[in-house]
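Here is a walk through a two-chain model, starting inside one chain and ending with how the chains fit together. Keep the structure open while you read.

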2 protein chains.
Amino acid sequence: MKFSINRSSFLKTFGDVSRAISSKTTIPVLTGLKMVATTAGLTLTGSDADISIEAMIPEDSEDNTLTVEEPGAIILPARFFGEIVKRLPEDNMTVAIGENLQATITSGASEFTINGLDAATYPQLPEISSDRSLKLNADIFHQIIGQTVIAVSTQESRPILTGVHISIQNGTLVAVATDSHRLAQRSIDLEGVNTDADFIIPGRSLTELGRMLTDDVAEVELRIADNQVLFTIGQTAFYSRLLDGNYPDTTRLIPTTSNTRIEFSAPALLAAINRASLLSHEGRNNVVRLNIEVGAGRATLFGNSPEIGNVEEQLSFNKLEGDDLEISFNPDYMKVALQGLGQSTIEVAFTAPLRPFTLVPSEDKEHYIQLITPVRTF
Amino acid sequence: MKFSINRSSFLKTFGDVSRAISSKTTIPVLTGLKMVATTAGLTLTGSDADISIEAMIPEDSEDNTLTVEEPGAIILPARFFGEIVKRLPEDNMTVAIGENLQATITSGASEFTINGLDAATYPQLPEISSDRSLKLNADIFHQIIGQTVIAVSTQESRPILTGVHISIQNGTLVAVATDSHRLAQRSIDLEGVNTDADFIIPGRSLTELGRMLTDDVAEVELRIADNQVLFTIGQTAFYSRLLDGNYPDTTRLIPTTSNTRIEFSAPALLAAINRASLLSHEGRNNVVRLNIEVGAGRATLFGNSPEIGNVEEQLSFNKLEGDDLEISFNPDYMKVALQGLGQSTIEVAFTAPLRPFTLVPSEDKEHYIQLITPVRTF
């Protein structure tokens, strides 16, 4: 195998593929980057067994200046090879495989020789047929990921909750995540999609996928198999395993009525929560308290730490209606929920001090809802 | 005590003073920020017992909008108070001390109450007379710090080597640091300075001081006492303890003759060293090898790791003279030395494979020298 390539275009594709490569894996071959050079181009593959990414740099593209002199395949230590490529002196580099799987990397007056592994020892990627496939707008899918993945569980005690449940039925996609303390649910209407699907994908897979959905990506193709899903973004294939099991029925968790409703600017409420949590973080319970007096037209947020002190803040709001209320909650859940709501105006709706409350964007209450379970403080 | 102030001008001065405040101190009062409000202004003090910084915000300055309503003094938990000030909602804040040393911090609709400590319990800063004082150009002093502090020892086994030895005699300042593996020495001629001095200042003190010597600082005043030194920068006083003991005589370490001399561009050599160290870092010894063949006009750098591979690079140089040489050294010492030499052209001079070699800027060989001890590899 021998090829020459412009370093920066190599590094861009290598950057995508490395998202799947972990140095912590227990399978030594997976710390490597697999490279296959053919007359069509250069294919890079990385995998951590949960996620696999395969990206192709075509030989005929103008901006990558790839020249394959001799087809072949090799596995090189990924982290190390990346460090070398980053530091080479010239814009271009040549990679050649010699005897004993030794790779020689040359650029200017610098020549590295590193030991590779036989490409045949690399695990095969799953084959996923195109029976169940659909196309999604990349922007919207990126949004859905960002708005739901924030609520997945990070604890392995209930593995199913570390995933996002995505169901596509009758042209509507619903994505939901919960760690049993809070929940985020986003839905969209898909135009011209007739494929139904129901799967649970690890939150980490979606997070990594989201990072690849940059502004220049227009569309993502999705193909679903029994225990694998494949997202195709241009020349890049992103495989993720799916979680096995039944996702809890979350529809009955979302309250349909409320007794107190208040409308805030999301960033202003976030700033107040950040201040109050300065003190709650120092206390043992990490809880802030919200007091709503409808008659007086007053909403007050309290944070307290017995050792250090306390904070009290009158919150500004747009609208307030319903019953008086005093409720306590974990400010960190609220922060994450508000970050998911961005710059919008939001409605927070409460039923009772110990019942979950909801946050929805005022302008579109149907398609995005977040739910937070309060904390009992007495 | 009660004062109002613009938050960003408070935070700027607080940022300077916090350099001296460590959360790891074993003396609880030193985790605090001392504030003293008088009719003249607001004085902030921080200290970690090694370094103390005192800065004054005058009441009459236009840009800080300080108003002292009631003089007084308090100690507040520094890290925590800083976090609060950063997150307050309005541009201005008011700090008032009430009963039981409780401080109330208000800004807009937000009100924090935190517990303070009696300012009288804060350690007194040393009094340093103006007998032995001199003024230094801030730019040049900043340079001297950056060029020498890189060679101080980070190990406490020989505490004296954690400092920089500064001696001022007959109008010449010489600063030298060594950790016994490498050495950096910088000298300057001071105009109009008649004060002599000789002291060893902790490297960490100089590093922190250097960070305060920003572009807008023109001059530093230096006052020396027996075991303390005071640097005055505008309205800010920076105190450091001095190290006690005799600094080793370093003059005899610097070779006066050489057998091989080679001239490099410092940044180009640094890039090559960075590449070679990629492999040496993976090996057990962290050593790179330089081979100089004067007849062939060739200088080659080698890095090697038995597990991963090796690198070989032909170095470009401007001039080469003297004897052939093969020498091995720690690339990290070389990196740090080259960073100290910046963008300049440098001369590296060798005596023998096991003797220290020197690096000097080609354009001024007299005032800055770095020395590195090679590594025996056979």
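Start in chain B, where Arg261(B) has Ala349(B) as its bridge partner in β24(B). This is a predicted model, by the way. That residue pair belongs to a longer match: strand β18 (residues 260–265) and strand β24 (residues 345–350) of chain B run antiparallel and are joined by six bridges.

Zoom out and you can see the sheet they sit in. It is an open sheet of nine strands in chain B, with the order β14-β11-β12-β13-β26-β25-β24-β18-β22 and antiparallel pairing. The edges are taken by β14 (197–202) and β22 (319–322) of chain B; each has a single partner strand, so one side of each has no neighbour in the sheet. On average, neighbouring strands here are turned by 15 degrees against each other, ignoring direction.

Two helices lie across this sheet. Helix α3 (residues 138–148) of chain B covers β11 (163–169), β12 (172–178), β13 (182–189) and β26 (368–372) of chain B. Helix α6 (residues 331–341) of chain B lies across β13, β24, β25 (357–361) and β26 of chain B.

Now hop to chain A for another sheet. Eight strands form this open one, in the order β6-β2-β3-β4-β17-β16-β15-β10 (chain A), again with antiparallel pairing. Its edge strands are β6 (72–77) and β10 (133–137) of chain A, each with a single partner strand, so one side of each is left without a neighbour in the sheet. Neighbouring strands are turned by 20 degrees against each other on average, direction ignored. Within this sheet, strand β3 (residues 41–47) and strand β4 (residues 51–58) of chain A run antiparallel and share seven bridges. One residue pair to look for is Gly46(A), whose bridge partner in β4(A) is Ile53(A).

α2(A) packs on this sheet, where it touches β2 (32–37), β3 and β6 of chain A. Helix α3 (residues 138–148) of chain A lies across β10 and β15 (219–224) of chain A.

Here are the angles between these helices and one strand each:

| Helix | Strand | Angle |
|---|---|---|
| α2(A) | β6(A) | about 95 degrees |
| α3(A) | β10(A) | about 85 degrees |
| α3(B) | β13(B) | about 165 degrees |
| α6(B) | β26(B) | about 175 degrees |

Next, helices against helices. Back in chain B, the axes of helix α1 (residues 7–18) and helix α2 (residues 78–87) of chain B come within 10 Å and cross at roughly 155 degrees. α1(B) and α2(B) are therefore roughly antiparallel, and their crossing is left-handed. On the α1(B) side the residues are Arg7(B), Phe10(B), Leu11(B), Phe14(B) and Ser18(B); they meet Ala78(B), Gly82(B), Val85(B) and Lys86(B) in α2(B). By class, this contact has five nonpolar, two polar and two charged residues.

α2(B) also packs against a helix of the other chain. α5(A) and α2(B) have axes 10 Å apart and pack at an angle of about 170 degrees, which makes α5(A) roughly antiparallel to α2(B). Here Asn274(A), Arg275(A) and Leu278(A) in α5(A) meet Glu83(B), Ile84(B) and Arg87(B) in α2(B). The class count for this contact is two nonpolar, one polar and three charged residues.

So what makes up the contact between the chains as a whole? Chain A gives 24 residues and chain B gives 24 residues. On the chain A side, the elements giving two or more residues are α2 (78–87), β9 (110–115), α5 (266–280) and β21 (309–314) of chain A. That side has eleven nonpolar, seven polar and six charged residues.

Strands bridge the two chains too. β21(A) pairs with strand β9 (residues 110–115) of chain B in the antiparallel sense, over five bridges. Glu313(A) has Ser110(B) as its bridge partner in β9(B).

How do the two copies relate? A turn of 180 degrees and a shift of 0.0 Å along the axis lay chain A on chain B with an RMSD of 0.0 Å. The two copies are thus related as by a two-fold rotation axis. The same surface serves both copies, as 100% of the contact residues of chain A recur in chain B. Of the residues of chain A, Lys24(A) comes closest to the rotation axis, at 16 Å (C-alpha).

Definitions and conventions
Residues are numbered from 1 along each chain as its sequence is written. Chains are lettered from A and ligands numbered from 1 in the order in which they are written. This is a predicted model: local features need pLDDT of at least 70, side-chain atom pairs count only at pLDDT 80 or more; totals for chains, interfaces and linings use all residues. Two residues are in contact if their C-beta atoms, placed from the backbone, lie within 7 Å. Helices (H or I, at least four residues) and strands (E, at least two) are DSSP runs, numbered from the N terminus. Ala, Val, Leu, Ile, Met, Phe, Trp, Tyr, Cys and Pro count as nonpolar, Asp, Glu, Lys and Arg as charged, and the others, Gly among them, as polar. Two strands pair if DSSP finds at least two bridges between them. Axes are lines fitted to C-alpha atoms, for helices over the stretch in contact, and angles run from 0 to 180 degrees between N-to-C directions. Angles under 35 degrees count as roughly parallel, over 145 as roughly antiparallel, 65 to 115 as roughly perpendicular and the rest as oblique. A crossing is left-handed if the near helix is turned anticlockwise from the far one by less than a right angle, and right-handed if clockwise. Copies are superposed by least squares on the C-alpha atoms of residues with pLDDT of at least 70 in both.
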